[in-house]
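Biologist: Hi, I'm new to this one. Could you walk me through it?

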Amino acid sequence: SALHVFPSGFVETSCHSRIFWMKLNKLLLQGKFFQLEINDPYAGPILLDEKLASRCGYVLSEDVWGNPIFRASALGCHVANEADELFALTVNIKVSSFSSMRAAVTYIYPMYCSYSSWASREIVCEENYMEVSVRTDVPAVSNDYTVAWMSALPEIQNVAYQQWQLMFVSPSGRKRIMVSDAAKLGYSFNNTLSRVYLRAPYHSNESDISVVSGVTMNMVTSTSMYRQRWLLLLIDTTVSCPIDGISFTDTTLTWTVPSVIPTLVVQESTFLSKNILMGVDGQVIINPEEKNYLLEHNKTHIRITIPIGAEGGKLKSSVSDGVYGVIYRIDLFLEHTWIDADWQTTKYTVMKSITTPFMPQIPTVTNNTLPEERLFNVAFGHFLPDVSLVAIAIGNVPFTLREAQHHGFRIYETPFSNRTKGFTLEVSFDDPYVLKEYVNRNETKYTLLINYTLSVGPEMTLYYHSAEVECVIADIEVPEAAGSCDEANLYLTIPTFGLHQYWDLYLGNKLLNRHVVLTNGYLAVTNSTHLILQIPLFAVGIIYEEVSFQRIKARFDVALRKVRTMETLQMFSVSCNFNSSAFIICHPDGTVMVSAQMKTVPAIDMSKTKLRDSSCKPRDYNKEHAFFKFHVTTCGTSVRFEGDHIIYENEISYEKEILPRQSIPTITRDPDYRLTILCYYRAKETLVLGAFASDPSISSSFGSGTMVPRSNIAVHRRIRQVLNVVSRVSKDESFVEFYEPNKVILKRPTEPVFLEVELKDRSPSAELYLENCWVTGSLDFNSTPRWIITMDGQVVVEKTMNS
């Protein structure tokens, strides 16, 4: 591999706490692979791996921003040491586009540090190793230790001559090994001009776990031993480092380290804390309060509290089980300097990279909709900068961001002051993908269904979030109707906007559709804006508020109801007064009102007209009209069923004045008059008599009525009942020869008329009764004047019959 000159800004180095620090710029490594080699002056480059790193005092990791970090102890295996003051280490940085590291570019990077202010004892607790360095000219072992060492004398006697040996004291007992054997167990021991040091991995077989002031410590208790002819050097190389002490709340993280560690401070009474420093990301923090860090200490603890999200650390977005959240990481170090009677000065340095657990942060959807602009404005946040919006679905229709913008949705990022951001979406109420629902009286509920797809964190994990935003605005005008009348009709004019979309028109409980309009005899005309409804005065559905002699107050109601819920919003009514000379009104409650016009020659006395029950006289009358009001259960009214109708029938007749009888035949001086009154009710819509609804406006629909002159009834019945009845006039009493039908027959008043009426049906249930026969001067069935021949089966001699 070739050697190359460093790109500008690729490497950054520093020295403090007797540690080499190197940071590589991740931007220049993007998409590439790299390796570090340690340059051994004698053996050449050695690839840095985990085992070598923990034994030799190296750390390879990443800072919170993802930049590769390399740290090396000044006492590392391959560091050149000049008089315990100048230190040099050369590393090779290999960069390749391939994971196999072929065609790698190699950058050789020498690092130099100077460090002369050594404490009597220095301890470094790194991420992957513990290291203790002790000056060899320390005072003799204290009296407190004498007993322990005296008991160890048998082993001490066996210390090899002019070779360093290590004795480990652990729960499993004592173990004395040569330095070369210690290296095989992962330890590193060496001596410099004035110091000896021991580096140990965490959790080795010779280590022990203890809890100090609530913090778990990993401890290696060891004595380094060296024997010369006249000297036995015993150096306490015990090291103890915290392996937990981290706690979290929703907003802070706390790192606790014991102030006094008993295995490192034998005479606690002589302990005096001199200086405590904290650092973040390799930099000493002189005034922690300025950055909202809290550094506290007392006799038992040193505690650092950091607000989650504080400067110096990094929040990273993450997705866990489909939930969005953040993880905060900060790289801390603590440097505690103390003195005691045994060691003079101890400098205790701990490196700690702290990562919080996953903290769910459910995003918020904020509805900033402006109803007056008919525009949804929806803010979605807050997110860290490592989150991007990649797609959106509106009403379950997916759009890429480009497609969404093209369709007319507006999407933009909104930055916030605390280095977070949100995404704002704007959608028109009138967009086809917005759900619209007519609600309340005059409002529309607009619903925007959103599904967001986000790319989260450096891993670009997809995260989905759905939201539903509603806005209800009064943007519908409920129609108002106008009413009018002419001589024989009522009119309603209703705006057509929203009909059948929001509302329907109802007549009672019936939907007012084309079929109802036609069958009820209404007329409906629609133009571009309005529906005009014409309702004849005597049509079904008319409500008669007042009926008196020759005057009717009629009302017609149409209900405006919601299409889905059938809730009535508005009643459209038109009410007018009419003058009508002849009418029959059949009320739902069974009341019948009749204004009968009676034109006879000569005129008859209207006060003497009656119904079948002769006690039922007119309520009002004048020269040509009589007004009757009665209930279908009174006045001799009969009832019959035909198909799906109930028919009530009565008759208006005139009581003739009979002249005193001198001789037969009987003579009257009045014309005969009979008028049949028929009221038709639909059987399904009519309640049993006596239980009619009292409020006409909510009752079943009106019956329809007809008035039939008496002569029509037989024909009417014959047609309805399909009975074959034939009548003929015979030329003489033999009933052999008959006049042809519809022929004019001339007779003198004294001549008899021979009439035959025959029921040709053979049905045993049918009987024939001859009631009324009359003669007129024309072929018209209803023509007047007329001359009665029989009445109720009796022959009548009319004195007026003179032709």
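Biologist: How much space lies in the largest cavity?

Modeller: About 90 Å³. A cavity here is a set of points on a 1 Å grid over the protein atoms alone where a 1.4 Å probe fits but cannot get out. Grid points are joined across faces, edges and corners, and the volume is the space filled by probe spheres set on the points. One caution: this is a predicted model, where local features need pLDDT of at least 70 and side-chain atom pairs count only at pLDDT 80 or more, while totals for chains, interfaces and linings use all residues. Residues are numbered from 1 along each chain as its sequence is written, and side-chain values use heavy atoms, with hydrogens and water left out.

Biologist: Which residues are closest to the centre of that largest cavity?

Modeller: W21, R71, D281, G282 and D331, out of 13 that line it. Lining residues have an atom within 4 Å of a point.

Biologist: And which strands each supply at least two residues of the lining?

Modeller: Strand 7 (68-73), strand 28 and strand 29 (344-355). Strands are DSSP runs of E, at least two residues, and helices are runs of H or I, at least four, all numbered from the N terminus.

Biologist: How many cavities of 30 Å³ or more does the structure hold?

Modeller: Two.

Biologist: OK, zooming out. How many helices and strands are in the chain?

Modeller: Seven helices and 62 strands. The chain has 803 residues, and 44% of them count as buried, meaning under 20% relative accessible area with a 1.4 Å probe, protein chains only.

Biologist: Which residues have the most contacts inside the largest nonpolar core?

Modeller: I306, Y348, F376 and L448, in a core of 83 residues. Strand 28 (residues 323-340) gives the largest share, seven residues. Domain 2 (123-141 + 160-355) and domain 3 (363-473) each add at least three; those bounds come from an automatic or database domain assignment. By nonpolar core I mean buried Ala, Val, Leu, Ile, Met, Phe, Trp, Tyr and Cys residues joined through side-chain atoms within 4.5 Å.

Biologist: What does I306 touch?

Modeller: Leaving out residues up to four places away in sequence, I306 touches T251, T252, L253, M278, Y293, Y328, I330 and L332. A contact is heavy atoms within 4.5 Å. There's also a second, separate core of 38 residues, with L490, L531, I552 and M593 among them.

Biologist: Switching to strands: is strand 13 mostly covered or mostly open?

Modeller: Mostly covered: five of the six residues in strand 13 (residues 165-170) are buried. Strand 13 pairs with strand 14 (residues 173-178) in the antiparallel sense over six bridges, and the two form a hairpin with two residues between them. Pairing takes at least two bridges found by DSSP.

Biologist: Which residue in strand 14 is the bridge partner of L166?

Modeller: I177. Strand 13 also pairs with strand 18 (residues 215-227), antiparallel again, over five bridges, with Q165 opposite M225.

Biologist: One more. Which strands stand at the edges of the open sheet ordered 49-50-53-52?

Modeller: Strand 49 (583-586) and strand 52 (620-621). Each has a single partner strand, so one side of each is left without a neighbour in the sheet. The pairing in this four-strand sheet is antiparallel. Strand 49 and strand 50 (residues 591-597) are joined over four bridges, and C586 is partnered with V592 in strand 50.

Conventions:
Buried means under 20% relative accessible area, exposed over 50%, partly exposed in between (1.4 Å probe, protein chains only). On a 1 Å grid over the protein atoms alone, a cavity is a set of points where a 1.4 Å probe fits but cannot get out, and a pocket is an open set with protein on both sides within 12 Å along at least five of seven lines; lining residues have an atom within 4 Å of a point.
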